[in-house]
Each structure stands twice: as structure tokens, then as C-alpha cells.
Amino acid sequence: MNTSESERHVLREATADDVHLMLSWRNQETNRQVSKTSHEITADEHARWWSAVRNDPSRRVLVYVRDDRACGVVTFFDLRLDGPRTGAWGFYLDADGLAERDETLPAWLGVMRDAVEYAFDGLHLNRLDGEVLAHNTVVRQMNRRFRFVEGTPRQELSDGREITVIPISLDRANRRQR
């Protein structure tokens, strides 16, 4: 990544000022369709989540900023920073706002690149885990592009619907470096 690109997008720690934006993005229909939690999250539910995660040492909540505009959230959780150094992650973007500005694909590539870099170079993880719903074929293709490996799918019941969840993982040795 050249200097001008790095100045155009960054990950920064989420703050209380971001809570409303994070909730609005999470509740966008596009994001709910590809998430385990498909119902609209209430303000109280979101506030409880934020209260639980903001000071939890096994979690990081980061905001993805592109061209000085917050447009996504990356969460790292189940962090084990002593011993095998592993963690899990997920992200969602301001799908509606990015689509209006025709910036979805560049933002998607950027947030994935930055999140993987943060996991391995910032948190110094040896393995990064995650999950993807089986019907989310576009994300599955993008994960493969970033060298994530899919595990054995499993059926789960979430929000009253049966979903197929596929675990993914990326080892430090297999990551795509710049």
C-alpha cells in the first residue's frame, strides 16, 4: 500500500461517539441478511453489547475510516494473547452509504486488508478465525482471495431460522502479504 492509500483508510478504536453509527449500520437489511443475528437490534440491546465489550481485554472494536468518513466496524473477539495467540473476527460496513457513493468494493477490500494486517501485525496473532454463512457466496469468495480456509459447515438455529455456518481460519504463515 502506498502512502496516499494508507492515509485514505485506517482502523481506529471505536468510541462512545460511534455507538449510534455502529447500530445503524448493523441494522441495515444488507448486513442482517448475512449475519447470524438477523433481527433489528434495539438501542437497549446495542447499549448492553457496547457496555460489555468496550473494556473487555479479549475484544477489540475498531471503526474503519475511509476518506475521513467512518464506514465500517471490525470486531476482534475471543482473543488469546498469551500462549497460542489466536482470535476471531467479523466486520460489517455501511452498506447503504457505500453503495450510494459507489465505494462498496474498494471499502470491502480495504477493510479486509486492514483487519488482517491488524490481526497479524498489530495483535501478533498466529491464527485468525471467523465464520461465514453458507449462502454468502460473495464473502466466501473474498475470504478465499485473502487465503482463509473453510472448515466443516454446521447447522445452527438463530433468530428462529436454520442457518449453515462455515468456520474459516487464516494462519500467519498463509496470509497474503503486500
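The exercises below work through a predicted model of one protein chain.

**Exercise 1. Overall form**

Task: State how many helices and strands the protein chain has, and decide whether its radius of gyration agrees with that of a compact globule.

Solution:
- Step 1. The secondary structure of the protein chain consists of seven helices and eight strands.
- Step 2. For 178 residues, a compact globule would have a radius of gyration near 16 Å.
- Step 3. The protein chain has 16 Å, so the value agrees with the globule rule.
- Step 4. The C-alpha trace spans about 40 × 40 × 35 Å along its principal axes.

**Exercise 2. Burial, contacts and surface**

Task: Find what share of the residues is buried, and what share of the contacts with a separation of 6 or more joins residues 24 or more positions apart.

Solution:
- Step 1. A residue counts as buried under 20% relative accessible area.
- Step 2. Of the 178 residues in the protein chain, 42% are buried.
- Step 3. Among contacts with a separation of 6 or more, 60% are between residues 24 or more positions apart.
- Step 4. The exposed area of the protein chain is about 9700 Å², and 47% of it comes from carbon and sulfur atoms.
- Step 5. As for charge, there are 26 positive and 29 negative charges, and their mean positions are 5 Å apart.

**Exercise 3. The annotated span**

Task: Identify which residues the UniProt domain annotation covers, and describe the secondary structure of that span.

Solution:
- Step 1. The unreviewed UniProt entry carries the annotation "domain: N-acetyltransferase" for residues 8–146.
- Step 2. Residues 8–146 are 42% helix and 28% strand.
- Step 3. The end C-alpha atoms of this span lie 21 Å apart.

**Exercise 4. Two strand residues**

Task: For Gly 72 and Ala 88, decide whether each is buried or exposed, and list the contacts of each beyond four places in sequence.

Solution:
- Step 1. Gly 72 belongs to strand 3, while Ala 88 belongs to strand 4, residues 86–93.
- Step 2. Gly 72 has a relative accessible area of 0% and is therefore buried.
- Step 3. Ala 88, at 10%, is also buried, because the cut-off is under 20%.
- Step 4. Gly 72 is in contact with Trp 25, Leu 62, Val 63, Tyr 64, Tyr 92, Leu 93 and Asp 94.
- Step 5. The C-alpha atoms of Gly 72 and Phe 91 are 7.2 Å apart, with their positions 19 residues apart along the chain.
- Step 6. Ala 88 is in contact with Thr 75, Phe 76, Phe 77, Leu 128 and Asp 129.
- Step 7. Ala 88 and Thr 75 are 13 residues apart in sequence, and their C-alpha atoms are 8.3 Å apart.

**Exercise 5. Positive phi in loops**

Task: Give the phi values of Asp 68 and Arg 147, and classify the exposure of each residue.

Solution:
- Step 1. Most residues other than glycine have a negative phi.
- Step 2. Asp 68 has a positive phi, near 65°, and Arg 147 has one near 75°.
- Step 3. Asp 68 sits in the loop between strand 2 (60–66) and strand 3 (69–80).
- Step 4. The relative accessible area of Asp 68 is 77%, so Asp 68 is exposed.
- Step 5. Arg 147 sits in the loop between helix 7 (137–145) and strand 6 (149–150).
- Step 6. Arg 147 is at 44% relative accessibility and therefore counts as partly exposed.

**Exercise 6. After strand 8**

Task: Place Arg 172 in the chain and list which residues it touches beyond four places in sequence.

Solution:
- Step 1. Arg 172 lies in the segment after strand 8 (161–171).
- Step 2. At 29% relative accessibility, Arg 172 is partly exposed.
- Step 3. Arg 172 touches Phe 120, Asp 121, His 124, Leu 125 and Asn 126.

Conventions
Residues are numbered from 1 along each chain as its sequence is written. This is a predicted model: local features need pLDDT of at least 70, side-chain atom pairs count only at pLDDT 80 or more; totals for chains, interfaces and linings use all residues. Side-chain values use heavy atoms; hydrogens and water are left out. Helices (H or I, at least four residues) and strands (E, at least two) are DSSP runs, numbered from the N terminus. The radius of gyration is taken over C-alpha atoms; the globule rule is 2.2 Å times the number of residues to the power 0.38. Buried means under 20% relative accessible area, exposed over 50%, partly exposed in between (1.4 Å probe, protein chains only). Contact means heavy atoms within 4.5 Å. Accessible areas come from the Shrake-Rupley method with a 1.4 Å probe; for residues, only the protein chains shown count as cover. Lys and Arg count as positive and Asp and Glu as negative; His and the chain ends are not counted. The place of a charge is taken as NZ of Lys, CZ of Arg, CG of Asp or CD of Glu. UniProt positions are given in the numbering used here, feature names are shortened, and annotations may be inferred rather than shown by experiment.
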